[in-house]
Amino acid sequence: MKRLRLAAVLAAALLALLPATAQAAEYPDPLPLTGQQIIHDPTVIRLKSGEYAAYSTGGIIGARLSRDRTHWEDAGNAFAAPPSWWYEYNDTGDPWAPDISYRGGRYWLYYAVSSWGTNHSAIGVATSGSGRPGTWTDHGKVLTSETTDTWNAIDPAITRADGRLWMSFGSYWTGIRMVELDPATGKAVPGTTVHHLATRPDAPYAVEGPYIVEHGRFFYLFASYDTCCAGVNSTYRIRVGRSTSITGPYVDSTGTPLLQGGGDLLLEGHGRYVGTGGQSVFEDRGKDWLAYHYYDAEDEGTPKLGLNRLSWQADGWPVVR
């Protein structure tokens, strides 16, 4: 018995000496939610009214509303009718991957229109005084990409830094990019530099859906790696890197650049929660929250809303609670 105890102690000691990446990772389950949980690529904000609004991909820019961040109700569509220019990019006027923010007394909703497997794509913008579905006025194209470009104008996310407005975006096609926006119009500054923030070493460069958060003296780039949109066969996972400059270079905790395939693993699928990704971050009463979708293996792979607290460790790196 003493030998068994000694062996167990020695094994535990050896395990403790292994690098963290070699040990079995544990990830928290999303917080329990009720009501309408079906969602994809969620963007969440607490409105001035006190309600929470979540917008998402799904044939329309679908809306969910909540009074307590726990129980969600279907609230219809952001737009009463699709703007006509959407049909330049797909036959059904199908928008993807919205991002909601607030500045200048208005809510701003960015989104993408494209077709599966092509970078003939565009990012659009709309504004609203209340942020509620049915109140949005569309303002047309912010940025476009064509098949001759080496980047893809989808998955927009807005960040303000040093008095300037920036939009990160990108999916496959060499990864994550960034441009500066004109705060007055919300559209790309004419002739703006297209910065390169993250990619993978090999085609198809499976990284997309960026979201950038400023915390302390760093900017943190969250992105979804690997395969989306395949139900229980999805391999989406969320990785993160950081930089002292919003335009990069971004590196992970080992110093590996995100332009060389780096990125610390923040959250991946576990148990019934498959393919965690399509993430965004929102602040609520001084606390940061991670919103994402997962595919529910116990409900035929239905995409659902995941919410978790996003905390910051002593070394500045984020952790999901």
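## Exercises on a predicted model

Setting aside neighbours within four places in sequence, Ser280 touches Pro42, Thr43, Val44, Tyr211, Trp289, Leu290 and Ala291. Keep in mind that this is a predicted model.

**Exercise 1. Place Ser280: find its strand, decide whether it is buried or exposed, and find the backbone oxygen that lies by its side chain.**

Start with the secondary structure: Ser280 belongs to strand β18, residues 273–284. Next, check accessibility. The relative accessible area of Ser280 is 4%, and buried means under 20%, so this serine counts as buried. Now go through its contacts, among them Pro42. Here a polar atom of the Ser280 side chain lies 2.8 Å from the backbone oxygen of Pro42.

**Exercise 2. Work out how strand β4 is covered and which strands it pairs with.**

Take burial to begin with. β4 spans residues 62–66, and five of its five residues are buried. Now split them by face. In a regular strand, side chains alternate between the two faces of the sheet. In β4, Gly62, Arg64 and Ser66 are on one side, with Ala63 and Leu65 on the other, and all are buried, so both faces are covered.

Then look at the partners. On the β3 side (residues 52–56), five bridges join the two strands, which run antiparallel. Ser56 has Gly62 as its bridge partner in β4. The two strands make a hairpin with five residues between them, and Gly58 in that turn has a positive phi of about 155 degrees.

On the β5 side (residues 71–77), four bridges join the strands, again antiparallel. Arg64 stands opposite Asp74 of β5. This hairpin has four residues between its strands, and the turn residue Arg69 has a positive phi of about 70 degrees.

**Exercise 3. Find the rings that have an arginine over them.**

Pick up Arg69 from the β4–β5 turn. Arg69 lies over the face of Trp289, 3.8 Å from the ring centre. Trp289 is also one of the contacts of Ser280. For the other case, go to Phe218: the charged end of Arg242 sits over its ring, 3.9 Å from the centre.

**Exercise 4. Count the aromatic pairs and classify Trp85 with Tyr89 and Tyr220 with Trp317.**

The count is 13 aromatic pairs. In one of them, the Trp85 and Tyr89 rings are 6.2 Å apart, centre to centre, with 85 degrees between the planes. Planes over 60 degrees apart count as edge-to-face, so that is the label here. What about burial? Trp85 comes in at 11% relative accessibility, so it is buried, and Tyr89 is buried too, at 5%.

Tyr220 and Trp317 are also edge-to-face, at 5.9 Å centre to centre and 85 degrees between the planes. This pair links distant parts of the chain: Tyr220 is in β15 (residues 218–225), while Trp317 is in the loop between β20 (302–312) and β21 (318–320), 97 residues apart. Both residues are buried.

To finish, follow the ring pairs around Trp85 and Tyr89: they link Phe79, Trp85, Trp86, Tyr89 and Tyr111 into a cluster.

**Exercise 5. Find the disulfide, give its handedness and compare the burial of Cys228 and Cys229.**

There's one disulfide in the structure. Cys228 and Cys229 form it, with their sulfur atoms 2.2 Å apart. The torsion about the S-S bond is about 65 degrees, so the disulfide is right-handed. As for burial, Cys228 is buried at 9% relative accessibility, whereas Cys229 is partly exposed at 39%.

How values were computed
Residues are numbered from 1 along each chain as its sequence is written. This is a predicted model: local features need pLDDT of at least 70, side-chain atom pairs count only at pLDDT 80 or more; totals for chains, interfaces and linings use all residues. Side-chain values use heavy atoms; hydrogens and water are left out. Rings of Phe, Tyr and Trp (its six-membered ring) pair if their centres lie within 6.5 Å; planes under 30 degrees apart count as stacked, over 60 as edge-to-face and the rest as tilted. Buried means under 20% relative accessible area, exposed over 50%, partly exposed in between (1.4 Å probe, protein chains only). A charge sits over a ring if NZ of Lys or CZ of Arg is within 6 Å of the ring centre and within 35 degrees of the ring normal. A polar contact is a pair of N or O atoms within 3.5 Å; within protein, one must be able to donate a hydrogen and the other to accept it, and residues adjacent in sequence count only if both atoms are side-chain atoms. Contact means heavy atoms within 4.5 Å. Two strands pair if DSSP finds at least two bridges between them. A disulfide is a pair of cysteine sulfur atoms within 2.5 Å.
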